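Student: I am new to this structure and would like to know what the labels people attach to it rest on. Could we go through them together?

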Amino acid sequence: MLSRLHIENIAVIKNADLDLTKGFNVLTGETGAGKSILIDSINLVLGERVSKDIIRSDSKTAHVSALFTDVSEKALQTLKEFGYDCDDDILIQRDISVDGKGSCRISGRPATVSMVREIGRILVNIHGQHDNQTLLSPEKHITYLDSFASVGDLLEEYKQAYSQMKQIKAELSKIQTNDALKERRIDLLKYQIEEIESANLKKDEEEELKARKLRIVNAEKIASSVGGAYEALCGSDDKPGAQELLSEADSELDNIVDVLPEIKELSQRIKNLTYELEDCTAELRDFVSQEEYDPQEIEYIEERLDTIYRLKRKYGNSIEEIFEFLEKAKSELESIETADERAEILTKELTQAEKKVYSLAEKLSERRKAAARELSERIIKELNFLDMPQVKFSVRIDRLKEPSQNGLDDVEFLISSNPGSPARPLSKIASGGEISRVMLAIKAVLANSDGIDTLIFDEIDTGVSGHAAQKIGNKLKQLSQDCQVICVTHLAQIAAQADRHILIEKQVTDNNTYTHLKTLDYDGRKQELARIIGTKVTEKTLQTADEMLSISGISKVP
């Protein structure tokens with residue numbers, strides 16, 4: 001169960017702790033006090049998506065932590081699969097900031113939001129105000145029936161088989177295009193393959209051609225510079241070159257090495273430079289002799305580059321991408337040319353896949369039909385308790401022409417509130433108060449089958465008053481015998497039956513709004529019930545509140 005909720009900087013809540021008990025907990029307060037913020041905070045800590053706008057305006061970060069005690073074996077096993085070894089208690093924490101960043105922790109260790117969301121859905125079931133509207137959507141009804149029928153494993157197996165069948169159908173449909181389209185595709189692929197292969201491209205050819213073109217275009221400049229460098233080294237008729245001058249320097253130093261020993265090292269260095277210069281001169285001479293250009297070569301290079309450019313426009317931004325296109329084209333051509341063989345294989349696979357899908361769908365239908373009868377009976381029983389004694393409720397299951405993601409069944413809930421009236425879709429005849437009670441009846445029936453320890457109801461009493469409200473309170477009290485119930489309510493008939501009553505108050509201090517949570521004692525509960533009952537607290541409303549608490553078995557002694 002949810003034992004404690006700690007909230008920091010969420011909307012108008014600066015810092016608050018909500019202590020909850022086993023059994024039936026209610027939260028009341030004036031409109032705008034922050035009741036919905038508590039539900040938002042619980043959704044936040046359980047990993048649901050939230051807007052950063054939920055952060056209090058004077059803060060940059062927000063924090064929510066939730067302590068769960070006496071958790072179920074299913075929750076502990078799920079955590080163990082995630083790598084968390086917990087005892088009977090689980091602490092979930094989540095932080096968010098205005099820059100969109102956030103973090104989650106489970107019992108002090110980092111966790112992902114998806115992990116928290118999955119464990120949260122095992123720990124808590126929240127009935128929000130929008131859930132009544134989802135009950136009016138027939139496509140949602142099958143999920144309630146499947147939950148009651150406990151077909152989760154079978155449904156998952158069916159969905160996998162259905163997905164495989166759809167994949168086979170898609171591939172077979174792609175193969176079984178009409179012959180004219182197929183032939184046109186074959187012709188196109190063969191043309192593309194021939195065009196690329198006939199070009200005889202090489203991996204780095206484009207770069208090499210561009211480099212060669214650059215040398216040819218600059219041939220005159222190259223020849224002039226190389227020739228000038230060679231002449232500077234070798235000299236000419238009218239002036240000596242560097243090589244000759246360096247050789248003279250070497251000879252001069254050789255003459256004095258014997259009388260000036262300390263110059264020997266310098267002499268050797270100049271001698272080495274002489275050898276190096278001779279090598280440079282030889283390389284320049286070889287370069288001059290080898291660097292010859294064919295006037296027609298530039299024309300060949302231009303044509304070759306043009307071919308590469310045209311292929312790149314069609315098949316990719318580089319030669320490497322052109323090669324990738326070529327491989328894909330060959331693979332597709334082979335696939336089309338062997339399509340008949342592949343189609344034959346796929347047809348056999350599709351037959352087997354469809355057989356499996358229909359077999360599993362039939363099992364689902366059988367389980368749903370059997371569960372539908374029991375679900376209808378139990379919901380009618382719950383609705384009778386909730387002050388709808390003449391109600392007729394049934395689950396209509398029609399067979400679809402083709403399998404869907406959920407099988408071959410189209411499920412819709414039907415209801416008749418008045419004697420003699422035929423059962424019709426909920427959306428056609430049910431009032432707001434009736435929808436609230438139908439939803440509560442469904443939740444009550446499913447509570448024993450989904451194994452969730454905490455049920456949260458956010459204004460389940462919408463559209464309800466009087467005796468019906470009293471019965472809803474009775475039902476919530478009854479539910480709390482098997483699991484923890486937390487309810488946000490505006491009705492005294494419901495609040496009076498709670499084991500713990502928390503008041504949500506909004507206060508304004510120094511032009512800032514703050515929400516506070518307060519667990520009420522008997523007198524506090526009487527005051528709050530009196531406020532809810534009338535427009536103002538009077539002796540009469542206080543007397544009525546006292547009587548309601550007494551009837552509910554609430555003692556004045558803590």
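Tutor: Gladly! Let us start with a definition: buried means under 20% relative accessible area, exposed over 50%, and partly exposed in between (1.4 Å probe, protein chains only). Note also that this is a predicted model, where local features need pLDDT of at least 70, side-chain atom pairs count only at pLDDT 80 or more, and totals for chains, interfaces and linings use all residues. Residues are numbered from 1 along each chain as its sequence is written, and side-chain values use heavy atoms, with hydrogens and water left out.

Student: Then why is Lys 506 called partly exposed?

Tutor: Lys 506 has a relative accessible area of 45%. Partly exposed covers what lies between under 20% and over 50%, so the label fits Lys 506.

Student: Where is Lys 506, and what does Lys 506 touch?

Tutor: Lys 506 belongs to strand β14 (residues 500-509). Helices (H or I, at least four residues) and strands (E, at least two) are DSSP runs, numbered from the N terminus. Contact means heavy atoms within 4.5 Å; leaving out residues up to four places away in sequence, Lys 506 touches Gly 32, Ala 33, Thr 513, Tyr 514 and Thr 515. The C-alpha atoms of Lys 506 and Ile 13 are separated by 9.0 Å, with their positions 493 residues apart along the chain.

Student: Is Ser 365 buried or exposed, and how do you know?

Tutor: Ser 365, found in helix α14, has a relative accessible area of 3%. Buried means under 20%, so Ser 365 is buried.

Student: What makes Val 259 exposed?

Tutor: The relative accessible area of Val 259 is 68%. Exposed means over 50%, so Val 259 earns that word. Val 259 sits in the loop between α10 (242-254) and α11 (264-290).

Student: Which residues form a nonpolar patch on the surface with Val 259?

Tutor: Ile 256 and Leu 260 join Val 259 in that patch, and together the three have about 240 Å² of accessible area. Such areas come from the Shrake-Rupley method with a 1.4 Å probe, and for residues only the protein chains shown count as cover. Patches are made of residues with over 30% relative accessible area and no salt bridge; like charges are joined within 9 Å, and nonpolar side chains (Val, Leu, Ile, Met, Phe, Trp, Tyr) within 5 Å.

Student: What makes the pair Glu 354 and Lys 169 a salt bridge?

Tutor: A salt bridge is a side-chain nitrogen of Lys or Arg within 4 Å of a carboxyl oxygen of Asp or Glu. Glu 354 and Lys 169 meet at 4.0 Å, N to O, and by this rule the count comes to 27 salt bridges. The pair links distant parts of the chain, 185 residues apart: Glu 354 is in helix α14 and Lys 169 in helix α6 (residues 152-175). Glu 354 is partly exposed at 27% relative accessibility, and Lys 169 is partly exposed at 32%.

Student: How do you know that Arg 342 and Glu 171 form a salt bridge?

Tutor: Their closest N and O atoms are 3.0 Å apart. The rule asks for within 4 Å, so the pair qualifies. Arg 342 lies in helix α14 and Glu 171 in helix α6, so the bridge ties together parts that are 171 residues apart in sequence. Arg 342 is partly exposed at 30% relative accessibility, and Glu 171 is partly exposed at 33%.

Student: What about Arg 368 and Asp 409?

Tutor: They also form a salt bridge, with the closest N and O atoms 2.9 Å apart. Arg 368 lies in helix α14 and Asp 409 in strand β10 (residues 407-416), so the pair ties together parts 41 residues apart in sequence. Both Arg 368 and Asp 409 are buried.

Student: Why is helix α5 called mostly covered?

Tutor: Seven of the nine residues in helix α5 (residues 141-149) are buried, including His 141, Tyr 144 and Phe 148. Ser 150 follows α5 and has a positive phi, near 55 degrees.

Student: And what makes a nonpolar core?

Tutor: The term stands for a set of buried Ala, Val, Leu, Ile, Met, Phe, Trp, Tyr and Cys residues joined through side-chain atoms within 4.5 Å. The largest one has 79 residues, and Leu 135 and Phe 413 are among those that touch the most other members. Helix α14 (residues 339-385) gives the most to this core, with 14 residues.
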